[in-house]
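Me: Got a fold here I'd like to talk through with you. Can you take my questions one at a time?

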Amino acid sequence: MVVSDVEGSAPVIGERLSLDLMNTSYSTRGKPAEGLGSPEQATSWVQRIAGRLADAGATSASEARFGEAGLDDLLALRTAMRSLADAVVSGGTPGAHDVERINRAAALTPRWSSMAWNGDARPAMTKQSAGAPADQVLSTLAGDAVDLFTGADAARLRMCERPGCDLFFLKDHPRREWCTPACGARVRAARSYQKRVQRARSASAIGASQPSPTTPERRRR
Ligand SMILES: [Zn+2]
């Protein structure tokens, strides 16, 4: 898992593509942060994951450039994905317009799979799409969300349990409760600090209830 948190851009924690889009809306030091705050940021975020987008079928992802309209489309797609993800993790009702928004984005470009079989035991499959690079990106991200919500991964979808962190991840280990090891470490550190404070408090409460030779001295002061 690669964690990168470049200033002004969203953390890419190496989850599947649709989750990485959802996680461009994140929090830093308890405050909401925006990883897609401008067309330039949107373009640079897409460039950061262009290789994975290409593997998923957006073969021209590295050429994708986002203007204001493209950014609006990307943000609308993200809003729809996050609201469906919220419904999944909280047991809520998925919004029909969110489903429709994702379906429409998925249908923006034709996408297909093809194979190369060069005498190897098994043929290799590649995913491809046509159309404008930015549309390929939107369509591929939306297609990944369709796979996520309709496939086995939906049951593993979680939101990070660290207070103040709202990143989504797929629970790939029974004890995983956090988006990244860094969030887990912060929660464990906070818990052990709380325990130390509680222990110190109960120790001083016991001390106060027992007569101690220094108590009269303190009282006199
Ligand atoms: Zn987290």
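Me: At roughly what angle do the axes of helix 4 and helix 5 cross?
Reply: Bear in mind that this is a predicted model. The axes of helix 4 and helix 5 come within 9 Å. Their crossing is left-handed, and the angle is roughly 130 degrees.

Me: Are helix 4 and helix 5 parallel, antiparallel, perpendicular or oblique to each other?
Reply: The axes cross at roughly 130 degrees. Angles over 145 count as roughly antiparallel and 65 to 115 as roughly perpendicular. Helix 4 and helix 5 fit neither range, so they are oblique.

Me: How do the residues of the contact of helix 4 with helix 5 divide into nonpolar, polar and charged?
Reply: Helix 4 brings Ala76, Leu77, Ala80, Met81, Ser83 and Leu84. From helix 5 come Asp98, Arg101, Ile102 and Ala105. The split is seven nonpolar, one polar and two charged.

Me: Which element supplies the largest share of the largest nonpolar core?
Reply: That core has 46 residues, and Leu77, Met81, Val137 and Leu138 touch the most other members. Helix 4 (68-90), helix 5 (96-106) and strand 6 (168-170) are among the elements that each supply at least two residues. The largest share, eight residues, comes from helix 6.

Me: Which residues is leucine 138 in contact with, leaving aside its neighbours within four places in sequence?
Reply: Leu138 is one of the core residues that touch the most other members. Leaving those sequence neighbours aside, its contacts are Asp73, Leu74, Leu77, Ala105 and Leu108.

Me: What percentage of the residues in the chain is buried?
Reply: The chain holds eight helices and six strands. Out of its 221 residues, the buried share is 33%.

Conventions:
Residues numbered from 1 in each chain as written. Predicted model: local features only at pLDDT ≥ 70, side-chain atom pairs only at ≥ 80, totals over all residues. Core = buried A, V, L, I, M, F, W, Y, C linked by C-beta atoms within 7 Å. Buried ≥ 20, exposed ≤ 12 C-beta atoms within 10 Å, placed from the backbone. Helix = DSSP H or I, 4+ residues; strand = E, 2+ residues; numbered from the N terminus. Contact = placed C-beta atoms within 7 Å. Axes fitted to C-alpha atoms, helices over the stretch in contact; angles between N-to-C directions. Parallel < 35°, antiparallel > 145°, perpendicular 65-115°, else oblique. Left-handed = near helix turned anticlockwise from the far one by under 90°. Nonpolar A, V, L, I, M, F, W, Y, C, P; charged D, E, K, R; others polar.
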